[in-house]
Each structure stands twice: as C-alpha cells, then as structure tokens.
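Trainee: I should like to go through this structure with you, beginning with its enclosed spaces and then turning to single residues and strands. May we take the questions one at a time?

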Amino acid sequence: MAQPESERAPGAGMAVWPGAAYPLGATYDGAGTNFSLFSEVADAVELCLIAKDGTETRVPLEEVDGFVWHAYLPSVTPGQRYGYRVHGPFEPVDGHRCDPSKLLLDPYGKAFDGHFAGDASLHTFGADTLGHTMTTVVINPFFDWASDHRPRRPYHETVIYEAHVKGMTATHPGVPAELRGTYAGLAHPVIVDHLRSLGVTAIELMPVHQFLQDQVLLDQGLRNYWGYNSFGFLAPHAEYASAAKPGATVSEFKAMVRTFHQAGIEVILDVVYNHTAEGNHLGPTINFRGIDNAAYYRLVDDDKSLYMDYTGTGNSLNARHPHTLQLIMDSLRYWVIEMHVDGFRFDLASTLARELHDVDRLSAFFDLVQQDPVVSQVKLIAEPWDIGEGGYQVGNFPGLWTEWNGKYRDTVRDYWRGQPATLGEFASRLTGSSDLYEATGRRPGASINFVTAHDGFTLADLVSYNEKHNEANGEGNQDGESHNRSWNCGAEGPTDDPEILELRARQRRNLLATLMLSQGTPMLTHGDEMGRTQRGNNNVYCQDSPLSWMDWSLAETNSDLVEFTRRAVALRTAHPVFRRRRFFEGLPIRTGGQARDIAWLTPAGVEMTPADWNSGFGKSLAVFLNGEGIPEPNQRGERVVDDSFLLCFNAHDEEIEFTTPDDGADAHWVVALDTASPTGASETVLGAGSSLKLPSRSLAVLRRQA
C-alpha cells in the first residue's frame, strides 16, 4: 500500500539544487523556482510543496548562508502551492516560538491561496495546521506592461482620491457583476471615467497587501473590511481578484495599474508595516511568529513572551532588526519595480521611527529610505502618529516625506462649525502650514490636506451628526473617535427640515471648496463627492456591507454636489495661484509697490490687524491672492503668471457684506465659485470697490478680470 504523499521520504525522487540566498521568497526564472527563507533561530527548515489534494511533500533546505535557508527546484513552476516548517526552540520566555507542526506562509510570498479555517490548531503548540491555513503560491513574474510609464505628477499638481477596492465597485450598476469588488472592477472604464471627470490625479488604495479575516469578527457575522491586518507584504489581497486561478491576482493587479497609468492617474498604496495579523501572544501562528519571532517583533524587555504594542493591534514589527528592515524595503521596491505603483501612504508611520521607545525621525528605516535609489523617488506619505507615548509627530518627518496633516483637518472642521478663535490657525492651514513644514526644507505639497478620510465620519455625516453611532460594530458604541469636531446643523441624523438640509449641503460645499483652495496636496475620500453616508458610524472597519460601500445612486440624487466637486477641482487645476510650489512670503513683489503675493483683509477690504486676528468671535475674512506674485518658475523655467483672486470666507451665522479691492485700474471681479449655489456656478460680476453680500456660512471665490 502506497504511503500518503505527506509521509513519504522528504523530497524523494525530486531534483534539488543548492540555489541562492537572494532574492528571498520564491522566484520563478522561466525554468524552475528558487526558494529562500530567513531564520536565525531555526535548527532546520523544510520546504513543503502542497498538492491539489492538500497533501504535502517536504524538502529539507540544506543550504544556509547568513541564516538564509535556500534551494532551487527545477521542476517547480508557477501555480505551485507551498509553505515552510521551521524546527527550532519553542521557548516563549526567551522570545522563541518555533513549532514544526505549523505550516508557515512565506513572508516574501507574492500570492496566497485558500483561507483560514479558524481552527484551534493555529493557536495550539504541536497541532498541525495543514488544511487549516492558507498556502503561498509560486507566481509567474512575467507581464506585458506594453508602453506603461509612470505619470510622475508633482505634488503641487496632485489631487488624491482615497478609495477601497471592494467598496468602490461593489454596487456599481455599470460594472459587470463578476468584476464588482475586484481590481479589474476598479479599472473598469466607468470608474476610471468618473475619477477623470472629477479631476483626480492619484488613487490611494486602502490596504491591498494580503490580510487576515479576524476570527473574532467572523464569529459575530462581521468582517475585516479595511484590511489593516497584513501578513503578506508582497502579495495583492486574493479576495480582490476576479480570477479564481491561484497566482492570477498579480497579473490582474498589474493590469489595473496599467489602466490607471493610461488615464494619467497614479496609484498609491496604503501600507501597514507597523504590525502584522498575528496579534499578541494569544494570536494565530501564520508566518513571522513561527519563523523567527524575536527577529520580526518588538518584545517586552523583561518578559519576551509578550509583545510591545504601539498600534493597538497586539504587536509591533521590529524595525530595528536588519532582516525586518530588509523585508520592508524589499517589499517597497517590489511594488515600485514589479507592480509599477507610484507611492505609499504609511499607516501609523511613527511606529516605524521608534528605535527604542521614543520616536526618532532619523531612525534606521528613514535612513534606508533616504538612500534607496528606487523608494526615495516615489511619493512617500506618512500617517504621522501612533498610539504610543510621543507618537503624534505631525510636521516632524524628514524632507522626502509628506504627511497627512491632522491639524489641517481639525482646524478646517472647527472653522466651519463656528468654533471661536480659529482665524489665525485657519490662515496657516489655508496657506500650506509653513509652521509645520518649512523648517525641514519642505514645500506646501508636504501637507496632505484632508477634511475626511476612511477613519471617521464621511463628509455627509460630518455635517449631520454630533455623536458617533457605531452600535452595528458590536462594541457598545465604545469604538471609534468620540471627539469628531462635527456639527449636525440642528438635528441628529436624517431630517426632513428643508432649512437644515440646505445648511448641510452648503457646509459640504464649504468644506470641499476650502480643501481645493488650500495650498498643499488635497485628498478626497471616496463618495464624499456624492454625499455618501455611513449613518453616523465613524469606524466601519468591520462593516463589509452596503453601510460602507459606495452607493452609486447618490451620483444622480446628489448630481449637483458631484458637479460642484468637479468645478472646485477644475478651478484649482486651472490656476497655479491655488497650488504654488513654494510658501507665500507676504512681502511686496515690486520695489516701491504695495502689491503682495497674499494679503489678509477684513470683509470691509481693510488689511487685518492683530486685533482682528485675535478676536475670539471673528469668523469672516477675505484673502487676496496675487496672480502676478508667484516667484517660482514652472518646470520649463518660465515665469508663472495667473489671474488674481479674492477668497471670501464667512463662517458666521449671519450674512456678511464684503468689499472688493479697488486698485484704481479698470477691472472688475467675476464670481468663479459660490458655495451658496448648489453647483457652485454664478453669473455675478462686480466692479472694483463694490459690495458682495455673502450668506451665512458660505464662501465665494472672485476672479479679477481686466
């Protein structure tokens, strides 16, 4: 009677060559596959080839160079499923958790197949996980990129759109049913056309690295929707692929990137290198924990059976270890070189900067990024905080980096909901936050300006709810941020009151317009352009349902808001005065003249005084932007000259009369954008020195016309 394949002599009858230690992972070269795995703690490593019937063939890796175990198998081709078994110490008190009963996934895996069964074996020492865990898949790395090239759009010309792969297309009637929720669906012409019509130049995808569905959520009938729970840093998440064939996920992702590039749209990935899906000491053993726990994770100094947790997820990756740093850098380079992505947004980036306990912006990770000829040349966006002590680091990242500007979000929200004493702060955020970025040699583009993001209220909910309503998450409404700086405009949630509905619509337009008029790099959140609501839930991380998906019927219901967004983005795109490469100086631009590149005025047209700035009740101001006061040249070295504009902001609850500048010239002022209008359109033309009555809580953009 023949033995089951998993019980045969390891690698019997199979050609095994020494192979190479680098590159790590499984690399198919057109003839065979090289396998390579790092583990400093291992006594022995077995490569496990998994057959279609779920049985395994074990191949001992005899070659070891610098703690990297490797072999080349000429018979292995793309589609082969595999894993590893690592033999070594299981001594949690010393930080070691090797367990050869665990089929471990490749940290450098480029595709994964199957699913986790939620079996107790994943948490139990000595219990075999074969059949209860996913498998890694050897991929075909060859792809016809045709004439693909990166848009390489500078920050001052960039408009980012944060999106979720599944949520964007899950209900879109124009996307074929079999493509909804997939990479192919996201690249469908109806989605690309929508983004282009908005004026979007970059799509920032929420996590697409392979991530784990948390069993605790599955047990409640919920799912990990956001995906901030990675374990495969080189693999596109398999559930977002329309093709069922193992390994086809990679080519589908590449085709999506190629399509966006053809449309002139960059692809930015939201990446999570601060922790993994294995959680704390009670979490499942998937890969890192069983391969080399002490190398990959930050452990508590006086009890190495426990994990340091700067992220609130149970563990933190050990960015001090050279092989962990190598994994992060290899992952980044792979996505740039092989997958052609254009940049990264780093989740809880302060965690990567922790050398010991304090956040150090000159940590090894940032040194490596600075020196890397590939990674240093793409867009690098930090979420500049974590939950650890000293983790809020807005403005403190190195020169190559841009940052999600949380202070911008908070200030703009406060201003438009009528909080007192916000004028000075509002002016700083409107002009690119030089107080945060100029000292490090950065420019306005370093400020990624946003009013909403995936985490928190949508734009529609921001003006409709004072309190979060997260009951559907099953945590007693205790999860999510409680201090949202939101204002419901007079009623909590849905209402039929026409005055409240009109005010909410105007507030949405105020926030969108402010975002597009601000110096820096604007970021829209998917669905805000059409009034997407989550019914007051500000933490839909576990809501893989219509609650979190895009409702495309809103594009018709709120077509005026979609048109307003297009108009606001188009205004920014057409006029470089709203997207300067350098900060304003506020000084005269010609000898003996009084014209400045920017001037701050009261509604009466008089220059603001310290008393005006310090007035706690002041909620209105005008900003003059001189189109002839742009000192920096364009990319061809030519002088940049634009129209001049007057921005009139009224966050007061009463109508305010504004006076247009009168420079003695024969000029008039045309209203280019008006948030009192549902689409922003206006036919108002004013003479110099004329008055404009601005309704309560609204703004108008006036363009000077000779």
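Mentor: A cavity is a set of grid points where a 1.4 Å probe fits but cannot get out, and its lining residues have an atom within 4 Å of a point. Please bear in mind that the model is predicted.

Trainee: How many cavities of 30 Å³ or more does a search of the whole structure find?

Mentor: The search covers the whole structure and counts cavities from 30 Å³ upward. The largest cavity holds about 80 Å³ of space, and the second largest has a volume of about 60 Å³. The number found by the search is six.

Trainee: Which helices each supply at least two residues of the lining of the largest cavity?

Mentor: The lining consists of Arg413, Trp416, Arg417, Leu462, Val463, Arg485, Ser486, Trp487, Gln507 and Leu511. By class, these residues divide into five nonpolar, two polar and three charged. The helices that each give at least two of them are H9 (406-416) and H13 (498-517).

Trainee: Which elements give two or more residues to the lining of the second largest cavity?

Mentor: Around the second largest cavity stand Val451, Thr452, Leu459, Leu511, Leu512, Leu515, Met523, Leu524, Thr525 and Asp528. Seven residues of this lining are nonpolar, two are polar and one is charged. The elements with two or more residues in the lining are H13 and strand S23 (521-525).

Trainee: Why is S23 described as largely enclosed by the rest of the structure?

Mentor: Thr521, Met523 and Thr525 point one way from the strand, whereas Pro522 and Leu524 point the other way, and all are buried. S23 is therefore largely enclosed by the rest of the structure, the number of its buried residues being five of five.

Trainee: Which residue of S23 is the bridge partner of Ile160?

Mentor: Two parallel pairings involve S23. Strand S22 (residues 447-449) pairs with S23 over two bridges, and there Ile448 stands opposite Thr521. Strand S12 (residues 160-163) pairs with S23 over three bridges, also in the parallel sense. The partner of Ile160 in S23 is Met523.

Trainee: Is Asn538, in the loop after S23, buried or exposed?

Mentor: Asn538 lies in the loop between S23 and helix H14 (554-557). Leaving out residues up to four places away in sequence, Asn538 touches Asp455, Gly456, Phe457, Lys468, Asn470, Asp479, Gly480, Glu481 and Asn484. Its relative accessibility is 1%, so Asn538 counts as buried.

Trainee: What is the relative accessible area of Tyr465?

Mentor: Tyr465 sits in the loop between helix H12 (459-462) and H13. Apart from neighbours within four places in sequence, its contacts are Phe457, Ser486, Trp487, Asn488, Glu492, Gly493, Pro494, Arg535 and Gly536. Because buried means under 20% relative accessible area, Tyr465 is classed as buried, with a value of 8%.

Trainee: How far apart in space are Tyr465 and Gly418, C-alpha to C-alpha?

Mentor: Along the sequence, Tyr465 and Gly418 are 47 residues apart. In space, the C-alpha to C-alpha distance between Tyr465 and Gly418 is 15 Å.

Trainee: What distance separates the C-alpha atoms of Gly83 and Arg509?

Mentor: Gly83 belongs to strand S7 (residues 81-87) and counts as buried at 0% relative accessibility. Its contacts, not counting residues up to four places away in sequence, are Glu46, Leu47, Cys48, Leu103 and Leu104. Gly83 and Arg509 are 426 residues apart along the chain, and their C-alpha atoms are separated by 52 Å.

Trainee: How many disulfides does a search of the whole structure find?

Mentor: A disulfide is a covalent bond between the sulfur atoms of two cysteines. Among the cysteines, Cys542 is buried with a relative accessible area of 1%, and Cys648 counts as buried at 1% relative accessibility. For the whole structure, the number of disulfides found is zero.

Trainee: Which residues lie nearest the centre of the second largest pocket?

Mentor: The second largest pocket has a volume of about 650 Å³. Its lining comprises seven nonpolar, eight polar and 10 charged residues. Of the 25 residues that line the pocket, those nearest its centre are Arg153, Pro154, Tyr155, Leu400 and Thr402.

Conventions. Residues are numbered from 1 along each chain as its sequence is written. This is a predicted model: local features need pLDDT of at least 70, side-chain atom pairs count only at pLDDT 80 or more; totals for chains, interfaces and linings use all residues. Side-chain values use heavy atoms; hydrogens and water are left out. On a 1 Å grid over the protein atoms alone, a cavity is a set of points where a 1.4 Å probe fits but cannot get out, and a pocket is an open set with protein on both sides within 12 Å along at least five of seven lines; lining residues have an atom within 4 Å of a point. Grid points are joined across faces, edges and corners, and a volume is the space filled by probe spheres set on the points. Helices (H or I, at least four residues) and strands (E, at least two) are DSSP runs, numbered from the N terminus. Ala, Val, Leu, Ile, Met, Phe, Trp, Tyr, Cys and Pro count as nonpolar, Asp, Glu, Lys and Arg as charged, and the others, Gly among them, as polar. Buried means under 20% relative accessible area, exposed over 50%, partly exposed in between (1.4 Å probe, protein chains only). Contact means heavy atoms within 4.5 Å. Two strands pair if DSSP finds at least two bridges between them. A disulfide is a pair of cysteine sulfur atoms within 2.5 Å.
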